[in-house]
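Dear colleague,

I am passing on the structure below, together with some notes on what came out of going through it. Please read the notes with the coordinates open beside them.

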Amino acid sequence: MNTRRKTRNLPLHLVLVVVGALMAVPLLYAVLSGFKSTDQLSRNPIGLPAPWNPGNYTGILGSGDFWRLVGNSTLIAVATTVLVVVLSALAAFSFARFAFRGREVLFTVFTMGLMFPFAVAALPLFLLLRSLGLLDNPLGVVLPQAAFGLPMTIIILRGFFRQIPGELEEAATLDGCGPFGFFWRVLLPMARPALGTVSVLAVVTSWNNFFLPLLVFTDSTWWTLPIGVQQFQGQYAADYARVFAYLVLAMVPALAFYGVAERQLVGGLTAGATKG
Amino acid sequence: MTSTFLPGGRTGPDLAPPPPPASRGRGRRRRRTLNLLTAVGFQLPALVLFIGLVLLPMLFALYASFFRWGGFGMPSDLAGADNFTRLFQDPVFLGDLGRCLFLVVLSLALQLPFALAMAVLLNQRLRGRAVYRMLFFAPYVLSEAITGVLFSMVFAPGDGLADHVLGAVGLDGLGGEWFADPSTVMATLFLVMTWKYFGFHMMLYLAGLQSVPPELTEAALIDGAGPWQRFRNVTLPLLAPTLRISVFLSVIGSVQLFDLVWVVTQGGPDHHSETLAVTMFQYGFKRYQVGYASAISVVMFGICLVFSLAYQRFVLRRDLEGATTTMRGDGT
């Protein structure tokens with residue numbers, strides 16, 4: 001029985017190995033190419049590096065430019081996440097625990113935001129940010145990112161807040177908690193897993209955003225990693241090996257974050273998709 | 001830290017404790033107003049940000065689309081519907097619509113079925129499935145910009161990885177100019193999009209498959225249904241809500257595609273990979289024809305709106321009804 005099952009599974013494994021190779025090979029190719037010199041890369045495009053030459057990686061890691069981009073991306077991601085989670089938690093609390101006229105209309109307004117791509121608003125948003133003097137200012141990226149993150153975050157958090165039994169709120173009120181006291185001291189601590197999920201989503205979205213930083217940061221001071229990668233390729237177009245090394249180093253934070261927060265990320269994406 | 005928020009520290013009218021029920025009618029009305037104020041107070045910060053940076057810009061794009069406008073000062077040179085009539089005579093814009101349709105059709109016909117097949121495969125007890133699951137999803141967490149730069153080098157004509165691998169296995173004929181050839185640029189782009197996005201859809205399907213009760217497939221097995229019949233008649237119908245959501249996300253994603261194209265080809269060669277968002281960007285930010293670019297935004301908005309409404313009206317509604325009843329039934 002056991003061996004029969006194994007042989008029956010063989011074609012399935014074969015499919016997985018082939019697909020897995022197609023997924024992994026571009027990434028491995030970039031990692032290996034980063035260890036070659038550009039000269040070696042043109043002579044030996046797909047083999048292992050011989051000799052292994054870590055100079056591209058160490059050169060980039062040793063320059064302040066790369067770390068500045070990492071710092072900018074981090075700062076913007078953290079600021080966006082704090083803002084969007086705080087505002088969404090307040091709003092989701094109100095949607096989940098208060099009955100008031102117009103609530104469903106208001107909620108529909110927020111959920112409609114999910115249907116519309118950022119590109120639609122990009123142009124007028126740019127003009128607005130320009131007139132507010134927010135170009136080349138991190139707030140010019142943080143505020144719109146938070147605004148566009150609100151719908152998804154509110155939907156996920158509302159769903160979670162609704163599951164918390166009403167008796168808890170009654171008990172808190174009897175103990176002298178006002179609405180904000182209940183929100184802050186009872187609801188938020190209980191919602192920690194959901195808050196983790198939406199935070200991870202917000203961090204990844206901000207970290208990978210390209211369009212908005214491209215519009216807002218004309219000057220290199222505040223460039224984020226995705227912008228930096230594109231610029232680096234333009235700057236060192238002929239030096240393939242260096243571009244590969246840069247790419248790999250730029251991927252590491254996102255992949256590492258995924259490794260640590262896989263459960264929250266996947267859970268958040270599936271929850272967001274099915275509840276939206 | 002929490003002591004700042006002790007009940008005594010509360011300020012503002014919206015947070016005052018409920019009034020004593022002295023006179024019942026007035027008290028109740030006051031309490032209701034108070035309730036409304038509190039609820040709206042919690043909403044306010046999010047609402048201000050959302051209206052200011054999402055809704056108003058979208059409305060402004062609609063307004064600006066009726067003007068000839070360079071983007072400085074307020075729009076004043078009214079153009080009526082000229083921008084829109086010009087759009088529908090613009091071969092690049094019409095090409096954008098065709099390319100958008102191309103990506104939608106290929107995604108629905110190839111990418112999503114592929115993602116479904118992988119999900120069904122990885123839903124079985126196979127050795128190493130956790131590793132495969134993680135690997136297939138990994139590209140989704142990479143930035144589009146990084147993915148774009150990576151694949152512009154993988155598909156570099158002549159000396160990229162793709163041509164070398166094809167050459168090594170004796171399939172030189174399949175290699176070519178990839179992104180540089182007008183006739184293959186969109187297909188190559190679609191390959192990259194599949195590499196990047198199928199894992200996301202696969203994860204959605206896997207989550208859906210986990211919620212298919214095993215008793216049902218077992219019952220079908222006892223009734224003598226083969227593997228295909230069990231999939232077709234038991235699993236697939238139960239997966240339908242997930243499939244519909246995934247189709248919706250895929251279509252919206254194709255309509256708004258920008259980052260990947262901008263990084264890899266900037267719409268070239270000769271507009272052959274341009275998308276709506278790229279054309280909008282070209283006119284709005286490079287040529288300062290903001291009124292015309294706004295008209296493109298409005299068309300994108302219109303496509304999304306019509307599609308969303310039609311989809312919700314005809315396809316999603318049943319799911320939402322189903323979802324609410326099961327939620328009550330489970331007590332979750």
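Over residues 34-66 of chain B the backbone is 94% helix and 0% strand, with the C-alpha atoms at the two ends lying 43 Å apart; helices here are DSSP runs of H or I with at least four residues, strands are runs of E with at least two, and both are numbered from the N terminus. This is a predicted model, in which local features need pLDDT of at least 70 and side-chain atom pairs count only at pLDDT 80 or more, while totals for chains, interfaces and linings use all residues. Residues are numbered from 1 along each chain as its sequence is written, and chains are lettered from A and ligands numbered from 1 in the order in which they are written.

The stretch 34-66 is one of those that UniProt, in an unreviewed entry, lists as "transmembrane region" for chain B, alongside 101-122, 134-158, 178-198, 238-258 and 290-311; the positions are given in the numbering used here, feature names are shortened, and such annotations may be inferred rather than shown by experiment. Residues 178-198 of chain B are 67% helix and 0% strand, and their end C-alpha atoms are 21 Å apart.

Chain A has 14 helices and 0 strands. Its radius of gyration is 24 Å, whereas a compact globule of 276 residues would have one near 19 Å (taken over C-alpha atoms, the globule rule being 2.2 Å times the number of residues to the power 0.38). The C-alpha atoms of chain A fill a box of roughly 75 × 70 × 35 Å along the principal axes, and 47% of its 276 residues count as buried.

Within chain A, A:Phe160 sits in helix 7 (residues 139-162). A:Phe160 counts as buried because 21 other C-beta atoms lie within 10 Å (buried means 20 or more other C-beta atoms within 10 Å of a residue's own, exposed 12 or fewer, and partly exposed in between, with C-beta atoms placed from the backbone). Leaving aside residues up to four places away in sequence, A:Phe160 touches A:Ala191 and A:Ala194, where contact requires C-beta atoms, placed from the backbone, to lie within 7 Å. The C-alpha atoms of A:Phe160 and A:Ala96, which are 64 residues apart along the chain, are separated by 8.7 Å.

Finally, the contact between the chains takes 76 residues from chain A and 76 residues from chain B. On the side of chain A that touches chain B, helix 1 (residues 2-34) gives the most, with 12 residues.

With best wishes

Note on methods
Contact = placed C-beta atoms within 7 Å.
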